[in-house]
Amino acid sequence: MQNTELMELEERLEEELEEREEFGEVCFWNF
Amino acid sequence: MSRLKFSDYNIVVKCKHHSGYNIVHGYRGNYMHLDNDIGIKFFNRDETLFDENKNIMDKLLKYGFLCYEDTDEMSALKHVADIMHNKGQEKYKVTIIPTYSCNFRCPYCFENKSFTKEQKCNEKNIMSIEMVDNIFDVIEKHDNFKQKVIHLFGGEPLKRDNLEIISYIVNKGLKHGLKFIATTNGYDLEYFKDVLNSNGITTIQITLDGLGELHNKTRHLHNGMPTFEKIIDNIDTYLKKDISIIVRTNISLSNIDEIKKLIYLYKEKGWLNYKNFAYYFSPIYKDSVDEYMDNIDYNTILKYIEDNGLIDDLSICHVGGYRNIYFRLKSLIRNNRMVLFDAERCSACNNGIMICPDGTIYTCDEMLGTENKCGQISDGRLIVNDLYKKWNSRYVSFMECSKCKYALFCGGGCAVENFRNNLDINSPICGGYPKLFDECLSNI
């Protein structure tokens, strides 16, 4: 991966993690 | 420029319900659907594909499914994992355990390994008002307590004896803008009507192990008395009050035929018409995540439901193991988001704190009551120890898993296995995860 690609990925991931809502049922750990 | 190649982190499956292939990239988080002709070549890593449709090749390259040979993919995955883990470290995920005591005596309860009979029977072992004040002092002081939901767990959190403390916790939480979910046996719910509502405990998970007799065989009161009828009435009541109810059923060889009967019951009761009702079936672990009671695993349950034509919608939505993966995948793909889950298996390795009645902190429910304490809440302060830090250091960047294309979905598996068996905490525990993931992706 080129540095620019990695930076883009990093930026996208940061935004994603900011916005991602909690996945409600995960709390019950359905396994 | 070096040669083009297929990424080592491509996950590719043939679609089950329509033509073509679904592909997901294991650290870029991208998703694509390929038609059959392109898909089969992609699946077989056939390099003649590189000379075909330029638009598709450009997209595959842009999305990371194709890359150049000098790409350091493992470093890229670790970089993504570091960001994900560090982001998670900014926020605690809180579970409050108001008591270890339980009015049920289920033979398969995983807490049987941790608690003595005396601890389970000790009705006086309930969290104090002072401890709740301590917890909320900590929540107020720390920036890291930004979560909106607190999980109530036990023992049995919604036992009649706990009404006062549960009401106190919930009312205090409301002032902090928090909502609650609870794992409960569903028996004493009639006493909790003032806190089970859209401003308090909004969602509960209850377990039914079969119809009447078979349920009562495993999920009976401490004195052996049955519980089935009362739980059914409670579910009926609280569904009408808009409480979200998830019914779990623990499956072994002795009750696998109850799947059919329970689904009929849910239809008959009209529960399937409620948007706030969901249900799923899960196997019982024997000792480890790879060992199941009577060899009944997720796939056995899925096959049973499919072979008997029991469900109109997708069967995997109703089998533990599959359902979380499926719903997360579907939601991320549908909303055009990055299709990645987490760098660790669960919050036990990323700032999960479980607060026991005396303020002791654990990270993992399987460890409750054991000597593996991870900290303490006292005098309005949260103090965590080296064991807490050890749990929180386990994520895929530091594991063999960084080679695996499923790493940022599976998170390296359940760390508790390593603790129990005195293994290196960073050893991966795969537990059949790739198969579960592929099945879910093929159903999208």
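Start with chain A, which exposes about 2,200 Å², 45% of it supplied by carbon and sulfur atoms. That area is a Shrake-Rupley value with a 1.4 Å probe; for residues, only the protein chains shown count as cover. Chain A has 1 helix and 0 strands. Helices (H or I, at least four residues) and strands (E, at least two) are DSSP runs, numbered from the N terminus. Of the 31 residues in chain A, 26% are buried. Buried means under 20% relative accessible area, exposed over 50%, and partly exposed in between (1.4 Å probe, protein chains only).

Before moving on, note that this is a predicted model, where local features need pLDDT of at least 70, side-chain atom pairs count only at pLDDT 80 or more, and totals for chains, interfaces and linings use all residues. Residues are numbered from 1 along each chain as its sequence is written, chains are lettered from A and ligands numbered from 1 in the order in which they are written, and side-chain values use heavy atoms, with hydrogens and water left out.

**Stop 1: the ten-strand sheet**

Go to chain B. Show the strands β11-β10-β9-β8-β7-β6-β12-β13-β14-β15 of chain B, in that order: these 10 strands form an open sheet with mixed pairing. Two strands pair if DSSP finds at least two bridges between them. Now look at the edges. β11 and β15 (381-384) of chain B each have a single partner strand there, so one side of each is left without a neighbour in the sheet. From one strand to the next, the twist averages 25°. Axes are lines fitted to C-alpha atoms, for helices over the stretch in contact, and angles run from 0 to 180 degrees between N-to-C directions.

**Stop 2: strand β12**

Select residues 352-355 of chain B, which are strand β12(B). Which way do the residues of β12(B) point? G352(B) and M354(B) point one way, I353(B) and I355(B) the other way, and all are buried. β12(B) pairs with β6 (residues 93-96) of chain B in the parallel sense, over 4 bridges. There, T95(B) has M354(B) as its bridge partner. β12(B) also joins β13 (residues 360-362) of chain B, running antiparallel, through 2 bridges. Here M354(B) is matched with Y362(B) as bridge partner. The hairpin of β12(B) and β13(B) has 4 residues between the strands, and G359(B) takes a positive phi near 90°.

**Stop 3: helices on the sheet**

Add α9(B), which lies across β10 and β11 of chain B at about 175° to β11(B). Next add α10(B), which packs on the sheet, touches β10 and β11 of chain B, and makes about 125° with the direction of β11(B).

Color the buried residues of α10 (residues 298-307) in chain B: Y298(B), I301(B), L302(B), Y304(B) and I305(B). Seen down the axis of α10(B), they fall within an arc of 160°, so they line one face of the helix. The arc is that of the directions from the helix axis to the C-beta atoms. What covers them includes β10 (244-251), α9 (258-268), β11 (277-283), α11 (322-334) and α15 (433-442) of chain B. After α10(B) comes G309(B), with a positive phi near 50°.

Back in helix α9 of chain B, pick L265(B). Is L265(B) buried or exposed? At 12% relative accessibility, L265(B) counts as buried. L265(B) touches L211(B), F228(B) and I232(B), not counting residues up to four places away in sequence. Contact means heavy atoms within 4.5 Å. L265(B) and L211(B) are 54 residues apart in sequence, yet 8.3 Å apart in space, C-alpha to C-alpha.

**Stop 4: the cores**

Select I201(B), I204(B), I259(B), L329(B), W391(B), L408(B) and F437(B), the residues with the most contacts inside the largest nonpolar core, which has 130 residues. A second, separate core of 14 residues includes M32(B), L49(B), F65(B) and L66(B). A nonpolar core is a set of buried Ala, Val, Leu, Ile, Met, Phe, Trp, Tyr and Cys residues joined through side-chain atoms within 4.5 Å.

**Stop 5: the three-strand sheet**

Finish with β2-β3-β4 of chain B, an open sheet of 3 strands with antiparallel pairing. The edge strands are β2 (10-14) and β4 (31-34) of chain B, each pairing on one side only. Twist here averages 20° from one strand to the next. β3 (residues 21-25) of chain B meets β4(B) over 4 bridges. Find V24(B): opposite it, in β4(B), stands Y31(B).
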